[in-house]
Amino acid sequence: MGSPALFLLLVIAAIGACDGYFLGEYVPLARRGQYHNMRTPWHDYLGRHCPRFGIDREVVVPIPKPVGYSGADPYKISLQFGHERITTPWLFIVGRQSSKMPMIDVTLRYTGGDLEGVSAKVVEMPEDYAAEHEGTFKEFWDPSQWPKHVLVRYNWYAYSEIDVATGFYILFGSAFLLTLVMSIYILQSSKDKLSR
């Protein structure tokens, strides 16, 4: 009777250990907006707008028109990633004082199958990107055209708390010292044999 209960406990533990992401799996993405100090609730994005675990890519995400938008104040959004609910600070998208198209540059840090952290910033879109997406982004500057579309670039960075190079230096250094100490000990213990 104890064996099936133990097996069930092991299966439940194994399922709990497998909650990380696999390479290429979609990482859930949600967005909320702020305009005139009024915030929207979180809204999930579709899979085609979400980052894929461990894969660098660019996607175009829609930004809906906020309620009561007049263009007087900037429109900000915040993004939320993964089951861990890691959020970004507020990002100024519409109403920026720039003549260039904005682009959101997102860096995601991971260890193994776990999402560890996210940083995001709004940057000016490079010229080659702007030329490639010219038709899609003409509407961005038209105040009557909504939803606005913004390019998001996802960059993945493998983060490790373990410094492998330092570990190898310590391992080989201690092995060298141990070899040196053992050779001196062997030479001293066989001093009589060497003198004969």
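**Exercise 1. Find which residues K76 touches in this predicted model, leaving out those up to four places away in sequence.**

Solution.
- Step 1. Place the residue. K76 lies in strand 5, residues 75-81.
- Step 2. List the contacts. In this predicted model, K76 touches R32, G33, Q34, W90, L91 and F92, with residues up to four places away in sequence not counted.
- Step 3. Relate the contacts to strands. Strand 1 covers residues 29-35 and pairs with strand 5 in the antiparallel sense. Strand 7 also pairs with strand 5 in the antiparallel sense.

**Exercise 2. Decide whether K76 is buried or exposed, and find the nearest side chain of opposite charge.**

Solution.
- Step 1. Check burial. K76 is buried.
- Step 2. Look for a charged partner. The nearest side chain of opposite charge is D73, 9.5 Å away.
- Step 3. Apply the cut-off. A salt bridge needs a nitrogen-oxygen distance within 4 Å. K76 has no salt bridge.
- Step 4. Look at the rest of the strand. Seven of the seven residues of strand 5 are buried. On one side these are Y75, I77, L79 and F81; on the other, K76, S78 and Q80. Both faces of the strand are covered.

**Exercise 3. Work out which strands pair with strand 5, and over how many bridges.**

Solution.
- Step 1. Take strand 1. Its antiparallel pairing with strand 5 runs over six bridges. Here R31 has L79 as its bridge partner.
- Step 2. Take strand 7. Three bridges join it to strand 5, again antiparallel. Y75 is partnered by V94.
- Step 3. Take strand 6, residues 86-87. It pairs with strand 5 in the antiparallel sense over two bridges. F81 and I86 are bridge partners.
- Step 4. Inspect the hairpin turn. Four residues lie between strand 5 and strand 6, and G82 takes a positive phi near 70 degrees.

**Exercise 4. Establish how many salt bridges a search of the whole structure finds, and describe the pairs E127 with K100 and D105 with R153.**

Solution.
- Step 1. Count. The search finds two salt bridges.
- Step 2. Take E127 and K100. Their closest N and O atoms are 2.9 Å apart. E127 sits in helix 2 (residues 127-132) and K100 in the loop between strand 7 and strand 8, so the pair ties together parts that are 27 residues apart in sequence.
- Step 3. Check exposure. E127 is exposed, at 54% relative accessible area. K100 is partly exposed, at 34%.
- Step 4. Take D105 and R153. Their closest N and O atoms are 3.3 Å apart. D105 belongs to strand 8 and R153 to strand 10 (residues 148-158); the two are 48 residues apart and link distant parts of the chain.
- Step 5. Check burial. D105 and R153 are both buried.

**Exercise 5. Give the strand order of the open sheet of four strands, and say which strands stand at its edges.**

Solution.
- Step 1. Read the order. It is 4-10-8-9, with mixed pairing.
- Step 2. Find the edges. Strand 4 (57-63) and strand 9 (114-124) each have a single partner strand, so one side of each lacks a neighbour in the sheet.
- Step 3. Note the turn. Neighbouring strands are turned by 25 degrees against each other on average, direction ignored.
- Step 4. Examine one pair. Strand 8 and strand 9 are antiparallel over ten bridges. Y110 stands opposite L115 in strand 9.

**Exercise 6. Compare the UniProt "transmembrane region" annotation with the helix and strand content of residues 168-187.**

Solution.
- Step 1. Take the record. The unreviewed UniProt entry annotates residues 168-187 as "transmembrane region".
- Step 2. Take the model. The span is 100% helix and 0% strand, and its end C-alpha atoms lie 28 Å apart.

Methods: Residues are numbered from 1 along each chain as its sequence is written. This is a predicted model: local features need pLDDT of at least 70, side-chain atom pairs count only at pLDDT 80 or more; totals for chains, interfaces and linings use all residues. Side-chain values use heavy atoms; hydrogens and water are left out. Buried means under 20% relative accessible area, exposed over 50%, partly exposed in between (1.4 Å probe, protein chains only). Lys and Arg count as positive and Asp and Glu as negative; His and the chain ends are not counted. Contact means heavy atoms within 4.5 Å. UniProt positions are given in the numbering used here, feature names are shortened, and annotations may be inferred rather than shown by experiment. Two strands pair if DSSP finds at least two bridges between them. Axes are lines fitted to C-alpha atoms, for helices over the stretch in contact, and angles run from 0 to 180 degrees between N-to-C directions.
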